[in-house]
Amino acid sequence: MSQDELLHEVTASEYKYGFYSDVETDRIAAGLSEDVIRMISAKKGEPEWMTDWRLDAYRVWKEMTEPEWANVHYEKPDFQAISYYAAPVKKQINSLDELDPELLKTFEKLGISLDEQKRLSGVAMDVVVDSVSVATTFKKTLAEKGIIFCSMSEAIQEHPEMVKKYLGTVVPKSDNFYAALNSAVFTDGSFCYIPKGVRCPMELSTYFRINEAGTGQFERTLLVADEDSYVSYLEGCTAPQRDENQLHAAVVELVALDRAEIKYSTVQNWYPGDSEGKGGVYNFVTKRGICESHAKISWTQVETGSAVTWKYPSCILKGDHSVGEFYSVAVTNHRQQADTGTKMIHLGRHTKSTIISKGISAGRSHNTYRGLVRMGPRAEHARNFSQCDSLLMGDRCGAHTFPYIEVKNATARTEHEATTSKIGEDQIFYCQQRGLDMEAAIALIINGYAKDVLNQLPMEFAVEAQKLLAISLEGSVG
Amino acid sequence: MLEIKNLHASIGDKEILRGVNLTVKPGEVHAIMGPNGSGKSTLSSVIAGREDYEVTSGDILWDGQSILELAPEQRAHLGLFLSFQYPVEIPGVSVSNFVKTALNAVRTARGEEPLDASAMLKKMREALQLLEMDKGFLSRSLNEGFSGGEKKRNEIFQMAMLEPRLAILDETDSGLDIDALRIVAQGVNGLRSPKASFVVITHYQRLLDYIVPDVVHVLYKGRIVKTGDKTLAQDLEVRGYDWIKKEVE
């Protein structure tokens, strides 16, 4: 096969989650104003403090301008053309049997049967479709340990003191344009609290899906791990195939109190647009965690989807001896653009961070790593190790690396390593000679390249992620 | 089983093979010798199906069927194996994972069941033993940081796993010390059978002391210019290639 034929095959590979579920939906008219925010808040029956919190965020947002510093180019969303609330009509679900059958079908197509999840894998799952959380499994088992795992709406009703205490403490309303927008209009998301000394016995998982056209998804996740606790959390995302761009502006806040550990893994597969760059999800997400003393937060992400990604899962290493980790594989193909990386803010003494970023670019895509390592004046003996590798497939894509390093303490140490390579025809031929076809060869090489990151994922998701990497890059060789 | 007929192949505008004829029968070991730049490595690449080369005329038959239109992996599925002169590194992929994936790909293509874990491990142990390699080798990243000798042993290890019907050894002896050479030869000899054929490409007689060929060919300027038995290789060792060059020109 010639290179041109191969590159053509790239453009021929399709998004496998592009279906739309015909579920009756309650949605409000497009547009954003204080009234709309009041309406969302009222629809959700929220207390007044929450409504005020949102309005405050909205006022901050109105004064802000969209950031333009990222290495991505796109037509800016018309924020008045988006419907900020869409929910499957059937509500008040007490068991899975009561779910809309169309929705259940959706989950089957996604390869997740909630029932099966429940029985086999021991994964507790929260599912957010468009704006609303539709099912949370395993609640009882978790409750026995005192773990709270529920939708954000429910948390606002049932655990207002906790939401009040932590919401917006890691990502303030005024943090950035999209975080402010999210604070104003977020409609659901997951809330999780792990009590002191509890080791969460199963993976917690949220599955996000944008279903309706012309809606945005603004979910808000808040995860609090109390002292000496441990939790592993996974989120997955897909969206139907649509010609227009959909906006996803989420905020995730993690709080790891003294000696707590949070492992947060993401498999992001939002619709990336077609081969010409039409449609696809704009993924503008703010994720940040704060570590108290001896706490640890580990972000692992496998990013294969979205037309435009703007995302920097970060750690504020506030407590002494706290640890931050960031493991990322970002794949871009066709016309996808990703500007992603992390920020490690070392405030405490003896804090430690590790960054492993593996970018893979194919087609005409652009893949940017942007990372900040900051050693504050108090960060005695803080240490960072960063490794940013880029892999190019074909000669029409781009890889870019922007590492920022600021050190204000003379005892702090940082190391940065970076490599750029191409998948060699030699490597592919070698695999083919041993009997692997082109796709299998690429999958093998890519998985080897990304191994350090994939190894960080919970077992059952690592396999899924490997497949996803292979699908995303089907046929892309140069 | 392998029949090469008047094969012409070029890379870009440059013709490298200019009418190669070669017939290898089951169980035979053929040696192809020749000075640098005579087209030895090109010949092995073309047989294996590397796309950089264009076959301009002639044919390659496998059991009487042309394989020119087959992709490299389809040729591998038939039972063709190439031991590379310069094996590539594939970071992050362990030797065992690679060999397992390859063997199961070949088996699946032939309509056979993939080997289960224990059968696979057993087979790997046997192959390791043949090549005097220890188990730690399996978990190393493919060819990454391997010495020259380890790379070549790894090639023969894979050959032992895949059990090809025809193996081409492309300068497997280059960069080997005498002990490694002995082990590699021992590996190859252990795989000789009435069904398995070998084409051994080499510069030197040395390897042929260990792997004794049935037929020796001299490739020069893209053609096989002389064919003989193992004594031809010994002659070349003593006299060099100049007399052959003179004979041809």
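This is a short exchange between a student and a tutor about a predicted model with chains A and B.

Student: Why are α3(A) and α9(A) called roughly antiparallel?

Tutor: Look at the angle. Helix α3 (residues 48–62) and helix α9 (residues 177–185) of chain A pack at about 150°. Angles over 145 degrees count as roughly antiparallel, so α3(A) and α9(A) earn the term. Their axes are 7 Å apart.

Student: What is the hand of the crossing of α3(A) and α9(A)?

Tutor: The crossing is left-handed.

Student: Which residues of α3(A) and α9(A) meet?

Tutor: From α3(A) come A:Arg54, A:Ala57, A:Tyr58, A:Val60 and A:Trp61. From α9(A) come A:Phe177, A:Ala180, A:Leu181, A:Ser183 and A:Ala184. By class, this contact has 8 nonpolar, 1 polar and 1 charged residues.

Student: Why is α9(A) called largely enclosed?

Tutor: Count its buried residues. A residue is buried if 20 or more other C-beta atoms lie within 10 Å of its own. In α9(A), 8 of the 9 residues are buried, so the helix is largely enclosed by the rest of the structure. The buried ones are A:Tyr178, A:Ala179, A:Ala180, A:Leu181, A:Asn182, A:Ser183, A:Ala184 and A:Val185.

Student: What do the buried residues of α9(A) pack against?

Tutor: Two helices and three strands of chain A: α2 (34–43), α3, β9 (220–225), β12 (251–256) and β14 (280–291).

Student: What makes β19(A) largely enclosed?

Tutor: The buried count again. Strand β19 (residues 337–346) of chain A has 10 of its 10 residues buried, so the rest of the structure largely encloses it. Both faces are covered. A:Gln337, A:Asp339, A:Gly341, A:Lys343 and A:Ile345 point one way and are buried. A:Ala338, A:Thr340, A:Thr342, A:Met344 and A:His346 point the other way and are buried too.

Student: How do you know that β19(A) pairs with β21(A)?

Tutor: Pairing takes at least two bridges. β19(A) and strand β21 (residues 366–375) of chain A are joined by 10, and they run parallel. A:Gln337 stands opposite A:His366, and A:His346 stands opposite A:Met375.

Student: What else pairs with β19(A), and over how many bridges?

Tutor: Strand β16 (residues 308–311) of chain A runs parallel to β19(A), with 4 bridges. There A:Lys311 faces A:Thr340. Strand β17 (residues 314–317) of chain A also pairs with β19(A) in the parallel sense, over 3 bridges. There A:Cys315 stands opposite A:Met344. Set against the minimum of two bridges, both 4 and 3 qualify.

Student: Why is β21(A) called mostly covered?

Tutor: In β21(A), 9 of the 10 residues are buried. β21(A) also pairs with strand β23 (residues 398–407) of chain A, in parallel, through 10 bridges. One of the bridge partners is A:Pro403, set against A:Gly371.

Student: Now chain B. What makes β2(B) and β5(B) edge strands?

Tutor: The sheet is open, and its order is β2-β1-β4-β5 with antiparallel pairing. β2 (14–24) and β5 (65–66) each pair on one side only, and that makes them the edges.

Student: How do you know that β1(B) pairs with β2(B)?

Tutor: The threshold is at least two bridges. Strand β1 (residues 2–11) of chain B has 8 to β2(B), and the two run antiparallel. B:Leu7 stands opposite B:Val20.

Student: What lies across β1, β2 and β4 of chain B?

Tutor: Helix α1 (residues 40–48) of chain B does, at about 70° to β2(B). Angles of 65 to 115 degrees count as roughly perpendicular, so about 70° to β2(B) falls in that class.

Student: What is the hand of the crossing of α3(B) and α5(B)?

Tutor: α3(B) passes α5(B) in a right-handed crossing. The axes of α3 (residues 95–109) and α5 (residues 148–162) of chain B come within 10 Å and cross at roughly 35°. B:Val95, B:Val99, B:Ala102, B:Leu103 and B:Val106 meet B:Asn154, B:Gln158, B:Met161 and B:Leu162. That contact has 7 nonpolar, 2 polar and no charged residues.

Student: How many residues does each chain put into the contact?

Tutor: Chain A gives 17 and chain B gives 21. On the chain A side, α10 (425–433) and α11 (438–449) each supply at least two residues. α10(A) gives the most, with 6. By class, the chain A side has 7 nonpolar, 6 polar and 4 charged residues.

Note on methods. Residues numbered from 1 in each chain as written. Chains lettered and ligands numbered in written order. Predicted model: local features only at pLDDT ≥ 70, side-chain atom pairs only at ≥ 80, totals over all residues. Contact = placed C-beta atoms within 7 Å. Axes fitted to C-alpha atoms, helices over the stretch in contact; angles between N-to-C directions. Nonpolar A, V, L, I, M, F, W, Y, C, P; charged D, E, K, R; others polar. Buried ≥ 20, exposed ≤ 12 C-beta atoms within 10 Å, placed from the backbone. Parallel < 35°, antiparallel > 145°, perpendicular 65-115°, else oblique. Left-handed = near helix turned anticlockwise from the far one by under 90°.
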